[in-house]
Amino acid sequence: MTVQEPMAPDYERAVDLMVDAVKVVLFTGAGMSKDSGVDTFRGPGGIWERFSAADLATYEGFIRDPAKVWKWNEHRRQQVAGLTPHQGYLALAEMEDLFPEVVVITQNIDGLHARSGATHVVELHGNIWKVRCDAENNTPWLDERTEFPEVPLHCENCGGLLRPHIVWFGEPLDPMDTLAAQAESSSCDAMLVIGTSAVVYPAAGYPMVAKQNGAAMIEVNIEPTPISEYADISLFGKAEEVLPALLAALRERMDKKE
Ligand code: BJW
């Protein structure tokens with residue numbers, strides 16, 4: 001599908017849907033980071049057009065060639081380390097001033113929500129800045145190196161393979177994360193669904209959990225997705241433009257109410 005010109009977003013309607021919310025969930029995907037310079041996975045120019053998901057995003061691919069997977073992730077770390085969260089990220093972090101409870105549920109592994117100041121983030125697909133030992137299957141730890149002495153990385157404790165703390169295809173998500181995502185989605189008053197193609201499960205199911213439990217659903221994307229027909233409104237445009245505008249519209253309405 002080609003990228004369409006953004007339609008005029010209906011911010012007033014979105015504000016109506018959000019303004020009285022106590023809990024807001026911000027559900028994000030790769031499109032959220034696109035405007036900071038991180039590639040999306042699908043669509044024109046997406047990662048899966050140039051790289052093999054079977055090689056780079058499955059456990060079987062990792063065991064076949066761990067050095068290749070680590071090299072790719074070293075490259076992505078270098079890319080992400082040099083980026084700044086865009087204005088849309090800052091707008092989402094600022095929403096914490098407007099609502100009693102704001103929770104980010106993200107499919108992204110780049111850590112940009114935390115870097116932009118978000119305080120409550122559930123990372124469904126892991127974090128590229130964490131590693132764990134494949135042999136010991138232990139608790140992941142932070143490893144923020146952008147250059148590795150060797151690839152693949154090995155565990156200092158047992159000599160086994162270290163792996164990125166990323167959820168690959170066919171792997172279960174951390175039950176603590178899915179429990180949190182289910183609980184937050186089913187108890188929120190409004191969910192913003194930003195920059196996701198909504199095709200990867202179980203993550204793609206959480207917007208519907210929110211909707212089925214009575215939350216308003218506001219989508220932000222450059223083009224329609226499978227979520228669009230269930231959304232109360234879709235704001236079509238880039239995250240870096242739509243989110244600051246939405247924040248401004250929310251602030252204006254809230255200031256008037258005071
Ligand atoms: C913009 C923009 C701008 C662009 N502004 N917007 C049910 C049916 C069929 C299959 C399954 C099913 N349930 C499970 C499966 C299997 C599979 C799956 O869902 N496959 C589908 C693809 C068919 N799911 C899994 O395997 C999951 N595990 C699992 O189910 O385990 C079960 C199990 C239980 C018990 C024991 C064992 C197993 C795991 C999924 C892991 C996903 N991992 C990845 C990447 C890992 C690799 C890596 O990064 O190193 O996570 S895949 C990739 O997709 C990445 C993303 O988080 C994820 C979602 O993508 P996202 O974020 O939506 O990005 P895109 O690129 O798809 O979309 C970008 C969007 O942004 C687009 O809409 C653009 O329009 C928009 N956009 N610019 C705003 N400027």
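**Exercise 1.** Count the salt bridges between domain 1 and domain 2 of this predicted model, and describe where the two domains meet.

*Solution.*
Step 1: Get the domain bounds. The assignment gives domain 1 as 1–37 + 85–125 + 174–258 and domain 2 as 39–82 + 126–166.
Step 2: Look for charged pairs across the boundary. The count between domain 1 and domain 2 is zero salt bridges.
Step 3: See what is there instead. 16 residues of domain 1 touch 15 residues of domain 2. Together they bury about 1,200 Å², with 52% of that coming from carbon and sulfur atoms. The C-alpha centres of the two domains are 27 Å apart.

**Exercise 2.** Find out whether K23 and E184 are buried or exposed, and which parts of the chain their salt bridge links.

*Solution.*
Step 1: Start with the general idea. Side chains of opposite charge can pair when their charged atoms come close.
Step 2: Check the distance. The closest N and O atoms of K23 and E184 are 2.6 Å apart, and the two form a salt bridge.
Step 3: Place the partners. K23 belongs to strand 1 and E184 to helix 9, 161 residues apart.
Step 4: Use the cut-off for buried, under 20% relative accessible area. K23 has 10%, so K23 is buried. E184 has 11%, so E184 is buried too.

**Exercise 3.** Do the same for R251 and D97: how far apart are their closest N and O atoms, and how accessible is each residue?

*Solution.*
Step 1: The closest N and O atoms of R251 and D97 lie 4.0 Å apart, and this pair is a salt bridge.
Step 2: R251 sits in helix 11, while D97 is in the loop between helix 7 and strand 2, 154 residues apart.
Step 3: R251 has 29% relative accessibility and is therefore partly exposed. D97 has 60%, so D97 counts as exposed.

**Exercise 4.** Work out how the rings of W48 pair with those of F41 and F169.

*Solution.*
Step 1: Take F41 and W48. Their ring centres are 5.3 Å apart and their planes meet at 40°, so the pair is tilted.
Step 2: Take W48 and F169. Here the centres are 6.4 Å apart and the planes are at 50°, so this pair is tilted as well. It connects helix 3, which holds W48, to the loop holding F169, 121 residues away.
Step 3: Step back. Ring pairs join F41, W48, F51, W72 and F169 into a cluster.
Step 4: Add a charge. The charged end of R76 sits over the ring of W72, 3.8 Å from its centre.

Note on methods: Residues numbered from 1 in each chain as written. Predicted model: local features only at pLDDT ≥ 70, side-chain atom pairs only at ≥ 80, totals over all residues. Heavy atoms only, no water. Phe/Tyr/Trp six-rings, centres within 6.5 Å; stacked < 30°, edge-to-face > 60°. Helix = DSSP H or I, 4+ residues; strand = E, 2+ residues; numbered from the N terminus. Lys NZ or Arg CZ within 6 Å of the ring centre and 35° of its normal. Domains from an automatic or database assignment. Contact = heavy atoms within 4.5 Å. Buried area = accessible area lost by both parts, 1.4 Å probe. Salt bridge = Lys/Arg side-chain N within 4 Å of Asp/Glu carboxyl O. Buried < 20%, exposed > 50% of the residue type's maximum accessible area, 1.4 Å probe, protein only.
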